[in-house]
Amino acid sequence: MKIALKDIAEKIGAAIEGDDALEVSGLASLSEAKEGDLSFLSRAKYSKEAEVTKATAIIAGGDWDGSAPCAVLRVADPDKAFMMAAQAFAPEGPVRPAGVDPSSTVDPSARVDPSAHIGPLCVIEAGAVVGKGCVLVAGCFVGAGSSIGEDSFLHANVSVRERVTIGARAILHCGAVIGSDGFGYYKEGEKWSKIPQIGTVELGDDVEIGANAAIDRARFGRTVIEDGVKIDNLVQVAHNVCVGANSAMAAQVGIAGSTVIGRNVQLGGQAGVSGHVKVGDHSVIGAQAGVTKDIPEKIFVSGFPAVPHRENMKMQANMLRVPKLKQKVAELEKKIEALEKDMEGSRE
Amino acid sequence: MKIALKDIAEKIGAAIEGDDALEVSGLASLSEAKEGDLSFLSRAKYSKEAEVTKATAIIAGGDWDGSAPCAVLRVADPDKAFMMAAQAFAPEGPVRPAGVDPSSTVDPSARVDPSAHIGPLCVIEAGAVVGKGCVLVAGCFVGAGSSIGEDSFLHANVSVRERVTIGARAILHCGAVIGSDGFGYYKEGEKWSKIPQIGTVELGDDVEIGANAAIDRARFGRTVIEDGVKIDNLVQVAHNVCVGANSAMAAQVGIAGSTVIGRNVQLGGQAGVSGHVKVGDHSVIGAQAGVTKDIPEKIFVSGFPAVPHRENMKMQANMLRVPKLKQKVAELEKKIEALEKDMEGSRE
Amino acid sequence: MKIALKDIAEKIGAAIEGDDALEVSGLASLSEAKEGDLSFLSRAKYSKEAEVTKATAIIAGGDWDGSAPCAVLRVADPDKAFMMAAQAFAPEGPVRPAGVDPSSTVDPSARVDPSAHIGPLCVIEAGAVVGKGCVLVAGCFVGAGSSIGEDSFLHANVSVRERVTIGARAILHCGAVIGSDGFGYYKEGEKWSKIPQIGTVELGDDVEIGANAAIDRARFGRTVIEDGVKIDNLVQVAHNVCVGANSAMAAQVGIAGSTVIGRNVQLGGQAGVSGHVKVGDHSVIGAQAGVTKDIPEKIFVSGFPAVPHRENMKMQANMLRVPKLKQKVAELEKKIEALEKDMEGSRE
């Protein structure tokens, strides 16, 4: 598949610097690109790679002042432009026609929209609802009474437990588990008694859940993932958590029970948030940070326990200052000794 | 479903403060509750929410001295009382009758108790044993020669590898993997040669394993999870680990190979324990802590490397003291300079 | 199964110290071994356990100078010797004959080598290729256009997404996901727009991927796992990462997008590496470390942010020195006060 550079420029709203009769046939990173590829300069850091790229053309921001041995598609926002260009190149996936694969098991009381595609070896239990245009690729489980909103896409081997509600246009990646029991026990003597986890999970619209991530159902009431939330692979969201709209969690983040994450919050990879705390809207939690208490709005915290990032940087600088401080104190000690001797001497 | 408050009070051993003719029809948190709900005050921290709750009744401990605009079910232990109340409200799950779904594949040499429910699309290999009253919901794999004790419950898409032993009343959540190979290699030059992981895993009775958790089989011998151990989602237990009875691990904990976790140990979320160490009975390991050496009994450790929590708190306080210390040293320096000058002066 | 000690000694190239007419019938750790078992001293740390082991024989290195109440198989390299002995004891797994189980769904356009074993309830989509001698145990998904090299082994419930390339002799453990979408979005106002992840994943030869691990496909181009890489359970490898040959990652490691891990790198459990950084060949990253910038070759880093391990140790020592420093400064303060008074006095 060859696409004229002019067509891409038009699609992404770019000005072409260079030969506008060129064609490109693939996407590649600056260093991997070969003739015929379109590439992309996301960060000034990669300027050197742009200088020697074999790409036929690159997309770059208006503020980039480097040079490249190829055509440049100049745009206001290279991230967005690249996203749009990528869509043009996206390879056709397998066709997934409407209907239920005969190897799947669908309870007679389940309601699967006729436009939905239920691939092989899926299980849809009693009373479950699968909306218009949904795709369940293969090996997916949808528990009794759960509902999946229209145009949602479940990759292979997803498990949705009973009585879970999933909004429209969800994307659930392979191995994701929605509605597992919360981790709740009551201690009797030395033994743990299980507290029934009788609540559920509600996913809003446009939610994406990563591969092998787990979203626990509420002890009672609901675990809530609001509209537009994006959750990466291997993330844990515990029972009764509420995640506000458009928040994003990188891989391996863990949120403990009953915590409230605000809207538009971003959590870096492997960060953790304790139970029963609140994280304010638009805050950012650094990678591997451990949040142990409430966090206000619009703040960047890092470290363990997490503190405002600037404080954390200062604390780390402090640690580095100790040896010099120690040395200085030793010097002062000697000077004082000398002064004490002098004082003795002056008295004698 | 409406339940008389009197009946709940009787069931959980509570004294009713307020109108004992009331009925409740659901459970909800203090802030989410609406008329007709029963709620629950687990921590004094939520007192303010209790004051304005819309719930019809709340369960509270004898020592809580706040007030609520509704009936109060006063109990000695609100956690336990709530657990008992929740059981009354637990919605009926799907009926899972005895028998093997025809879409499942059961080896003729496997022994599945006639009272067990094998749901759709399960695989039970040669020589495996599934005990009385077990439920395998759907898509579960039980490898050759493994055995699952009576009344165990395997949620969808659980994988139990070969020759694994699981006790009675186990609960394995979606995507859990029991008996994966330990991570063991021998280095020859630059390449890794795999050390066969020929051991197995033994889970005691009343063990619960979270969604997408992984328990590795032993290199040889056994990885052991003793009776009553509760393991949350996405936890990693490596080969040859032994976890003592009634210990509990929050989500995303990782235990490296050959480590021995005592009885009644608690590990906070994302904590890690190095290989070949021993953690004493009744100890508590804080969230995100990294245990690198043996830990005695009945101690609370935190941080990386994990030290007694009090020491860790002191170290963090020390870091905060450095700037003041630095300032003081600068002051002393000036004073000493002044003294030195004075001394010069007094000599002249 | 009994094996003559002489035969094992010959197999592993050991000199027997003790009765060479003995037979052994199993493998066990020093402390768990009973009569008839062969055991293994991997670390001098276990010398005391060797002294009282019930084993019939142990494998030990030439440099071990302890004693054991049983025969000793003396070898140059006990790790390697044990690996070879373990192979002799490995129990026979279930026979997995060539052919496709009738409960599996294989697209007519897929090419499955006749020597491959496709167990029950697998799905192989259009155009996929499964090589000579491969085993797919059960419940595995191989997406459209993906290919799996010869003699690869997929345990139960593995998901391989579309257009992924897997080399020869791969071992993919239960629940592993290869080719999930990278976590890439473009922000429009408060909402996230998905950047199509149109790239793929390439696994070299002899790669092992742990249970419930996730390897994301590239945004465009390829996520690359080179030959001989070993990845433990629950590891996250993000889009466009390249992992060099023979590198090894312990459980729960996370590598963020576009990062380049060199060859023969080792990452300890729960370590994390930020996006867009390079880790040099033969470097070692400590458990729970957080790498935030480029790391040179052949270095051992630890802590967060990760620094050379020696520096990290110093920083931790520094924190412990602060209280003493504080005390010393207080003492100096007093001495200076005294000197100042003396000086006053000497002037009067």
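Copies of a chain are compared here by superposing them with least squares on the C-alpha atoms of residues with pLDDT of at least 70 in both. Keep in mind that this is a predicted model.

Q: By what turn can chain C be laid on chain A, and what kind of axis relates the two copies?
A: In general, two copies of a chain are related by a rotation about an axis and a shift along it. Here chain C goes onto chain A with an RMSD of 0.1 Å, and the shift along the axis is 0.0 Å. The turn is 120°, so the two copies are related as by a three-fold rotation axis.

Q: How much area is buried between chain B and chain C?
A: Start with who touches whom: 68 residues of chain B are in contact with 68 residues of chain C. Carbon and sulfur atoms give 63% of the buried area. The area itself is about 5600 Å².

Q: Which residues of chain B lose the most area to chain C?
A: Look for three residues in chain B that together make up 12% of what that side buries. They are Phe183(B), Trp192(B) and Phe220(B).

Q: Which residue of chain B forms a salt bridge with Glu32(C)?
A: Between chain B and chain C the count is 5 salt bridges. To qualify, a side-chain nitrogen of Lys or Arg has to be within 4 Å of a carboxyl oxygen of Asp or Glu. For Glu32(C) the closest N and O atoms are 2.7 Å apart, and the partner is Arg222(B).

Q: Which element gives the most to the side of chain B that touches chain C?
A: There are 23 residue pairs in polar contact between chain B and chain C, both residues being at pLDDT 80 or more. Among the elements of chain B that each supply at least two residues to this side are strand S21 (177-180), strand S22 (185-188) and helix H4 (309-347). With 14 residues, the element that gives the most is H4(B).

Q: How many residues on the side of chain C that touches chain A are nonpolar?
A: Across the interface of chain C and chain A there are 24 residue pairs in polar contact, both at pLDDT 80 or more. H4(C) provides the largest share of chain C's side, 14 residues. Sorted by type, that side has 16 charged residues, 19 polar ones and a nonpolar group of 33.

Q: Which residue of chain C meets Glu208(A) in a salt bridge?
A: Chain C and chain A have 68 residues each in contact with the other, and the area buried between them is about 5600 Å². The rule finds 5 salt bridges across this interface. In the one with Glu208(A), N to O is 2.7 Å, and the partner is Lys194(C).

Q: Which helices does the salt bridge of Glu333(B) and Lys328(A) link?
A: Over all chains the count comes to 41 salt bridges. The side chains of Glu333(B) and Lys328(A) meet at 3.9 Å, N to O, which counts because the cut-off is 4 Å. The pair crosses between chains, from helix H4 of chain B to helix H4 (residues 309-347) of chain A.

Q: Which strands are at the edges of the open sheet of 12 strands in chain A?
A: This sheet has mixed pairing, and its order runs from S8 through strands including S31 and S34 to S40. An edge strand pairs on one side only. That description fits strand S8 (99-100) and strand S40 (307-308) of chain A.

Q: Which residue of S30(A) stands opposite Ile225(A)?
A: Strand S24 (residues 200-203) and strand S27 (residues 222-225) of chain A run parallel and are joined by 4 bridges, with Leu203(A) partnered by Ile225(A). S27(A) is also joined by 2 bridges to strand S30 (residues 242-243) of chain A, again running parallel. In S30(A), the residue opposite Ile225(A) is Val243(A).

Q: Which residue of S32(B) stands opposite Gln236(B)?
A: Chain B has an open sheet of 10 strands with parallel pairing. Strand S9 (105-106) and strand S38 (290-291) stand at its edges with a single partner strand each, so one side of each is left without a neighbour in the sheet. Strand S29 (residues 236-237) and strand S32 (residues 254-255) of chain B run parallel, joined by 2 bridges. Opposite Gln236(B) in S32(B) is Gly254(B).

How values were computed
Residues numbered from 1 in each chain as written. Chains lettered and ligands numbered in written order. Heavy atoms only, no water. Contact = heavy atoms within 4.5 Å. Buried area = accessible area lost by both parts, 1.4 Å probe. Polar contact = N/O pair within 3.5 Å; in protein donor to acceptor, adjacent residues only side chain to side chain. Pairing = 2+ DSSP bridges. Nonpolar A, V, L, I, M, F, W, Y, C, P; charged D, E, K, R; others polar.
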